[in-house]
Amino acid sequence: MVFPNILALLDSWTLIIAIAVFVLVMLLQTWLREPPNLPPVPGRPHLLLGHLPYLGANRREQMAQWRKTCLGSVRSCVARAKSCVHVHLEEVWHGEELSSRENPRRGVLGASGAAWREQRAVSMSILRKFGMGKNSLAEKIQEEITAYLNVLSQLGGEPSDVKRVTSATLSNVICSIIVGKRFEYDDPYFLQFMDTFSEQVRLVSSTSIINVFPWLRHLPGDMFGAKRFIDCHHDLDEIFSDPFIAQKTKEYKEGGDAMDNFISAYLQEWRRKEQDGETTTMDDGHLRRLLGNLFIAGSETTATTMLWFMLYMLHYPHIQEKVFAELEEKVGHNRRPTMQDKNRLPYLNAVIMETLRRASIAPFSLSRMCTADVTLQGYLIPRGSRVVSNLDSVLLDEVTWGDPLTFRPERFLDDQGGLLHPEEFVPFSMGRRVCLGESLAKMELFLFLGALVQRFRLLPSVPGQLPPQKALFGVTCPPEPFTLRLVERSEGVTV
Ligand code: HEM
């Protein structure tokens, strides 16, 4: 037979070359058909990689440069086959056309359409019920703060890198929300979970290129870590999501569950919809992915912001002392700050806001997919484009902030010391897909960082030698690893 013989000839290299030729022809076709009013580009695009090679080692700086020199507010910068438009205008984020993700997945973070709307609404209502932004959740956070401060205290004021314990403590807050309990930091189960989770977080950045060029995932080997990333997903489901979903489902069926956790609240709402005959997308698959989403979006982001805060406090000791003085005056020594103190501590709030602004930890947010042709400032953003909200260009904009690179919390205070909320303060993005955990994150940052400065003086490991304020690049941008000394402000104080 002729057909099998031809197939036998197609060894893997022939196949790769054939695919490459096919991709090339498709790219040429798309390129030649390009409409005239696309956003400007920074130079002639590479046939396969578009403008990716122009981005260089420091994408954030390159983007800032392009914005200044030639491209104004809109720019198209990745392969023409899949236009990628970087946008900094706020108005575009509010439309339905820019509320989807590429390659829709389950859960909320990567979901689109009706499933995303329902999963997001259900998750928000559960978090609100638990008191996101209110006191019941604050109690869980306070319990975690006690454990965190104890670990920091045990460091005895010695130079230490607190990244791992900070990530663990914020993952534990998410655990409290999801399963209703926290874990000891040295619990072997929790350590195994944290190791797999940290690996997955590390892989998020290297795999993000696959979203732009999905064909890369078919290259031999695992050059971008995509296969390992999926393995981590499965491992986390196996270690965490599946056993807890099974346990809570059993308890729920037996009527013995406490309803103080996300899983049970989700199961309850799902059953309610089924009993009422409502059409729903709620199922085990969405629930499993939602749990992963809450971890991945909810712990590293807040932990990274806390690390930046600590770094800034080393660099600006006078700001640290001012935060402490406000805490001392308004809260005292005998109790930790609570959510009732939030409005009474404008300076602390301003320092946290300035940290979120200056560090801009998610500079390119999460990209979205344009589901219809959109015209912006006369430019066409074609349907199917990948759209990146360049939060850096808002948070670090010279016109808005005057001195955007200076760490100056006073910019968020009015003449009477009251807190200002400029609309350009958008570290949580904007529009329909604005961060789902914004209130929780603000609450965590306020309670954790207030308690931290109240109890410890943050000092450089070597007097006079400050770690650089340099960011690593990724989906979230933490500071380069650094150590510091956390010295108890007053021996014996354990609030
Ligand atoms: C300082 C901390 C945080 C920052 C700076 C941050 C920032 C962001 C940003 C920029 C986005 C992308 C929005 C967009 O697509 O335009 C996002 C989405 C999201 N965040 Fe956060 N976040 C933080 C904390 C949290 C926490 C604590 C949670 C957990 C409850 C969380 C859950 C989510 C989820 C689920 C999404 C996806 C929303 C959707 O696609 O509808 N985040 N966040």
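## Two serines with positive phi

In this predicted model, S365 lies in the loop that runs between α13 (346-359) and β3 (368-369). The phi angle of S365 is near 45°, a positive value in a residue that is not glycine. S365 counts as buried, because its relative accessibility is 18% and the cut-off for that class is under 20%.

S429 also has a positive phi, near 70°, and is likewise a residue other than glycine. The loop that holds S429 is the one between α15 and α16, and with a relative accessibility of 11% S429 counts as buried.

## The iron site and C435

The loop between α15 (398-401) and α16 (438-455) also contains C435, a position at which UniProt, in an unreviewed entry, places the feature "binding site". In the model, the iron atom of the ligand has a single donor from the protein, namely the SG atom of C435, at 2.3 Å.

C435 is partly exposed, with a relative accessible area of 33%. When neighbours within four places in sequence are set aside, the residues in contact with C435 are R120 and F428.

## Other cysteines

Two further cysteines differ from C435 in their burial class: C175 is buried, with a relative accessible area of 0%, and C232 also counts as buried at 0% relative accessibility, whereas C435 is partly exposed. A search of the whole structure for disulfides finds zero.

## The nonpolar core

The largest nonpolar core of the model has 100 residues, and those with the most contacts inside it are Y148, F262 and L452. Helix α16 gives the most to this core, contributing 11 residues. As a general background, nonpolar side chains tend to be buried together in soluble globular proteins.

The surroundings of Y148 can be listed in detail. Not counting residues up to four places away in sequence, Y148 touches V165, T166, T169, Y185, M306, M310, F448 and L452. One of these partners, L452, is itself among the residues with the most contacts inside the core.

## Strands β7 and β8

Strand β7 (residues 456-460) and strand β8 run antiparallel and are joined by five bridges. Within this pairing, P460 stands opposite L484 in β8.

Along β8, which covers residues 484-488, the side chains alternate. On one face are L484, L486 and E488, which are buried, while R485 and V487 point to the other face and are not buried. Such alternation between the two faces of the sheet is what a regular strand shows in general. The buried set on β8 includes a glutamate, E488, alongside the two leucines, L484 and L486.

## An exposed proline and a distant partner in sequence

P36 is placed in the loop between α2 (12-32) and α3 (59-71). With 82% relative accessibility, P36 counts as exposed, because the cut-off for that class is over 50%. P36 and L380 are 344 residues apart in sequence, and their C-alpha atoms are 8.7 Å apart in space.

Note on methods. Residues are numbered from 1 along each chain as its sequence is written. This is a predicted model: local features need pLDDT of at least 70, side-chain atom pairs count only at pLDDT 80 or more; totals for chains, interfaces and linings use all residues. Side-chain values use heavy atoms; hydrogens and water are left out. Buried means under 20% relative accessible area, exposed over 50%, partly exposed in between (1.4 Å probe, protein chains only). Helices (H or I, at least four residues) and strands (E, at least two) are DSSP runs, numbered from the N terminus. Two strands pair if DSSP finds at least two bridges between them. UniProt positions are given in the numbering used here, feature names are shortened, and annotations may be inferred rather than shown by experiment. Contact means heavy atoms within 4.5 Å. Donors are N, O and S atoms within 2.8 Å of the metal (3.2 Å for Na, K and Ca); water is not among the atoms, so sites may look incomplete. A nonpolar core is a set of buried Ala, Val, Leu, Ile, Met, Phe, Trp, Tyr and Cys residues joined through side-chain atoms within 4.5 Å. A disulfide is a pair of cysteine sulfur atoms within 2.5 Å.
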